[in-house]
Amino acid sequence: MLDLVIRRGLVVMSKDAVVGDVGIQEGKIVAVASPGSLPDDGALVIQAEGKIVLPGGIEPHAHIAIPCPEYWAGRPEVMSQPPEAASRAAAFGGVTTVIDFAGDLLLTPGAKPAQRSMLESLDERRSVFRNHAYTDFAFHYILAGRVSPGTIGQLGEAIQEGVASFKVFTTFSELRIPHGHLWAVFAEVAKHGGIMAVHAEDDDLVSYMTEKLTAEGRDQGHNLHLVHNNLSEDLAFRQIIRLARHTEVGVYFVHTTAKEGVAAIAEARQRSQPVYGEALHNYLEFTCEDYKKPGGTAIHTYPALKYPEDRDALIAGLLDGELCTTATDDFTVHKDVKLWGNTIHTVCGGHNGIETRLPVAFTKFVVERHMSLPRFAAITSTNAARILGLYPQKGAIMPGSDADLVLIDPTVTKTLTLADLHSDADYSIWEGFTCRGYPVMTILRGKVIVENGKLVGSPSDGRWVKRKIGADVLARPAV
């Protein structure tokens, strides 16, 4: 007997979208059938005629409940919003799984990490989310600095535990991993079937431009794009791709920002190298020209927004398949913190975007550029699931998958205001943006958690999800 039937919606699957029914039992999809054909004896029936039924959104890149550096916040002990607030906002935005971060780097800046294993660190991070998440959750593991042989020796165990992806930086003094250590990390992760999530910038160029602009009196925040610039991305992406090719590891480039980054990814993929790129949805709307507006650095997420031609290259990359996913890099703090820093040294990264990604992307791609619905599902859910090891449990509408669904009403037009959003933030860079099509229902493992603007889920609904990346994703570009 079915528990839930989604009746007569436009059901989006991997290759097409057809009007039909979705049958759900014990949190799993058990049937996708012709409209009106599934029995509803004893089942909750949701009439979805005129709605688009998509796999629940997967947010592949968020920073929740972590310390905000004092040089960004202007004061100590500031944290990004907690999981209950972030996952609540995510659920209203049609997101059912959030991938955040674990690792000792999440300690208060300047604090020395305890002598604990990666699995102990992971378990501590899980405890922060447990019973405080409306959505399911997983973690990339952050590695930083001169990674010790002991830590490298734990990578295989972490992958077996279900971590699957490891975040590294090639810039920022406290985060940057020297290339020799990167070589060792890449090789070990490849050996055990994981993937690298890379924040790639050329540290020498970033440092040089920081010093240069400071000396010239041009270190205002609106010049961030001159520090974190196009050439930096070009050099860093290509160096990482080369190192990944030698070690045979898969790479997921977080927050691609420049046309040069898109080109580097495309060339690697043409060589059949397993390289994947992510674009943030604020990078699809704003450019570095917006930094100069009053409060303009509210749009900033590191590395930096670039020029209109870079924004256009990101959009084209998502349309033609060179880029694979959309994300938010969510880092939600209050407006006074976000705008406290006003120089290239102090501007706070991140913004409260976890709720707006799906409706903004639907408007920009499906409505304005006629992207197919399967492709839209791919860049908001399925590709992230495949690349990061959640598929087929997540990211698909097919028998056996978790019944994680979002229903979008394409007839809804909503000009966003702060009052429409559900995070802990007191500002939004999306105020005034008109969405054409909007999530009206979010379902997590067969349970309705948001319905017609009302929260009906519980912060105990979310579960940690163990991940394992498919061999095809690590062998060649699989999406």
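## A parallel sheet and its cores

Let's start with one pair of residues: Y141 has F166 in strand 9 as its bridge partner. Strand 8 (residues 136-142) and strand 9 (residues 165-169) run parallel and are joined by two bridges. Strands here are DSSP runs of E with at least two residues, helices are runs of H or I with at least four, and both are numbered from the N terminus. Two strands pair if DSSP finds at least two bridges between them.

This is a predicted model, where local features need pLDDT of at least 70, side-chain atom pairs count only at pLDDT 80 or more, and totals for chains, interfaces and linings use all residues. Residues are numbered from 1 along each chain as its sequence is written, and side-chain values use heavy atoms, leaving out hydrogens and water.

Now for the whole sheet: eight strands form an open sheet with parallel pairing, in the order 6-7-8-9-10-11-12-13. Its edges, strand 6 (57-59) and strand 13 (325-327), each pair on one side only.

Two helices touch this sheet, where contact means heavy atoms within 4.5 Å. Angles run from 0 to 180 degrees between N-to-C directions, with axes fitted to C-alpha atoms, for helices over the stretch in contact.

| Helix | Strands touched | Angle |
|---|---|---|
| Helix 3 (residues 118-129) | strand 7 (95-102), strand 8, strand 9 | about 145° to strand 8 |
| Helix 13 (residues 357-369) | strand 6, strand 7, strand 13 | about 115° with strand 6 |

F166 appears again in the largest nonpolar core, which has 107 residues; F166 and F253 are among those with the most contacts inside it. Such a core is a set of buried Ala, Val, Leu, Ile, Met, Phe, Trp, Tyr and Cys residues joined through side-chain atoms within 4.5 Å; buried means under 20% relative accessible area, with a 1.4 Å probe and protein chains only.

Conventions. Buried means under 20% relative accessible area, exposed over 50%, partly exposed in between (1.4 Å probe, protein chains only).
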